[in-house]
Amino acid sequence: MATASDSSSCGDDDTAEVLIKYYFHRGFEYNDILQFLTTYHNIDISERTLHRRLRIYGLSRKNPQYDVNAVTDEVKKMLDGPDCVSGYRHVWHSLQLKGHQVPRKKVETILRELDPDGCQQRKEHKLKRREYHNPGPNAVWHADGYDKLKPYGFPIHGCIDSWSRKLLWLVVTRSNNSPNNIGSYYLKAIKTYGGCPREVVTDLGTENNIMASMQAFFHDDENAHRYVASPRNQRIEGYWSQFRRNRSSWWMNLFKDLVERGDLNTSNNLQKDCLWFCFAELLQQDLDAMVEHWNTH
């Protein structure tokens, strides 16, 4: 039963509605939503009040309400962009983030109808992966650069937590070989997450020197950073393969088309600077969306 303090401590109804919908669409359990509201937003409501509000907002896990035509139109839009290379689970979660509460099975059916060739291609490329063991969150961070878009002037650098597979940063930069850039991403992540991991793992590139030095200094232990060969930097390397299939291949095809049409000469620095001016912000926005999608999937 809702307590008397619920109505007085819940704050502005519009703010509470926005926050409840935000956490609901990201798949959090009801107890988690209540804890987030209390801890981070000073909104104290009971679980019964939360369920009542969800009914008012038309939100339900068991019997979701959705417009098939609206969902189909949204999927069509996604198939016209980078999401066209993604599977039905990715599309289903993207729809959730946009407020469409639709069963995953229905999304699979819609994708089979709209993109049968893509579904068949993804089905034929299934991989059997070996198990990876890790003691817990923030035990090991894996960092690495991504060079598939580098020929077009868009090198990317990323870092992932090996236990939770949470993306800690994913940044498009003018150079992912600059130690200063990599060090700044590391420091920003430490500030954001309130601490550093027990160990950082990178490949043997010299761009990791500053980050390695800071990690060793924070722990007063030179073994707090570990250099390994690229294939052994497995968590971030594993993510890059996902990133290639689900995102970067679309951007690569876009830039390849520009080259093949004669609209882009990658040996011309001025043209590459113009390409950076036009696409860098758009690509970073797409990376930010990928981080949110991956961290909430």
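**Exercise 1.** Work out whether L187 counts as buried, partly exposed or exposed in this predicted model.

*Solution.* Start with the number: L187 has 39% relative accessibility. Now the cut-offs: buried means under 20%, exposed means over 50%, and partly exposed is in between. So L187 counts as partly exposed. Next, place it: L187 sits in helix α9, which covers residues 179-193. Finally, look at its company: L187, F217 and F218 make a nonpolar surface patch of about 340 Å².

**Exercise 2.** Lay out the sheet: find the strand order and the edges.

*Solution.* Reading across, you get β3-β2-β1-β4-β5, an open sheet of five strands with mixed pairing. At the edges are β3 (167-172) and β5 (225-227), each pairing on one side only. Going from one strand to the next, the twist averages 15°. Then zoom in on one pair: β1 (residues 140-146) and β2 (residues 156-161) run antiparallel and are joined by six bridges. A handy landmark is W141, which faces D161 in β2. Last, add the helix: α11 (residues 234-260) packs on the sheet and touches β1, β2 and β3. The direction of α11 makes about 45° with that of β1.

**Exercise 3.** Find the buried residues of helix α10 and say what covers them.

*Solution.* Helix α10 runs over residues 209-219, and its buried residues are M211, A212, M214, Q215 and A216. Now check the cover: it includes the strands β1, β3, β4 (199-202) and β5, along with helix α9. To finish, step just past the end of α10, where D220 takes a positive phi of about 55°.

Definitions and conventions:
Residues numbered from 1 in each chain as written. Predicted model: local features only at pLDDT ≥ 70, side-chain atom pairs only at ≥ 80, totals over all residues. Heavy atoms only, no water. Patch = residues over 30% accessible without salt bridge, like charges linked within 9 Å, V, L, I, M, F, W, Y side chains within 5 Å. Areas by Shrake-Rupley, 256 points an atom, 1.4 Å probe, with all protein chains shown as cover. Salt bridge = Lys/Arg side-chain N within 4 Å of Asp/Glu carboxyl O. Helix = DSSP H or I, 4+ residues; strand = E, 2+ residues; numbered from the N terminus. Buried < 20%, exposed > 50% of the residue type's maximum accessible area, 1.4 Å probe, protein only. Pairing = 2+ DSSP bridges. Axes fitted to C-alpha atoms, helices over the stretch in contact; angles between N-to-C directions. Contact = heavy atoms within 4.5 Å.
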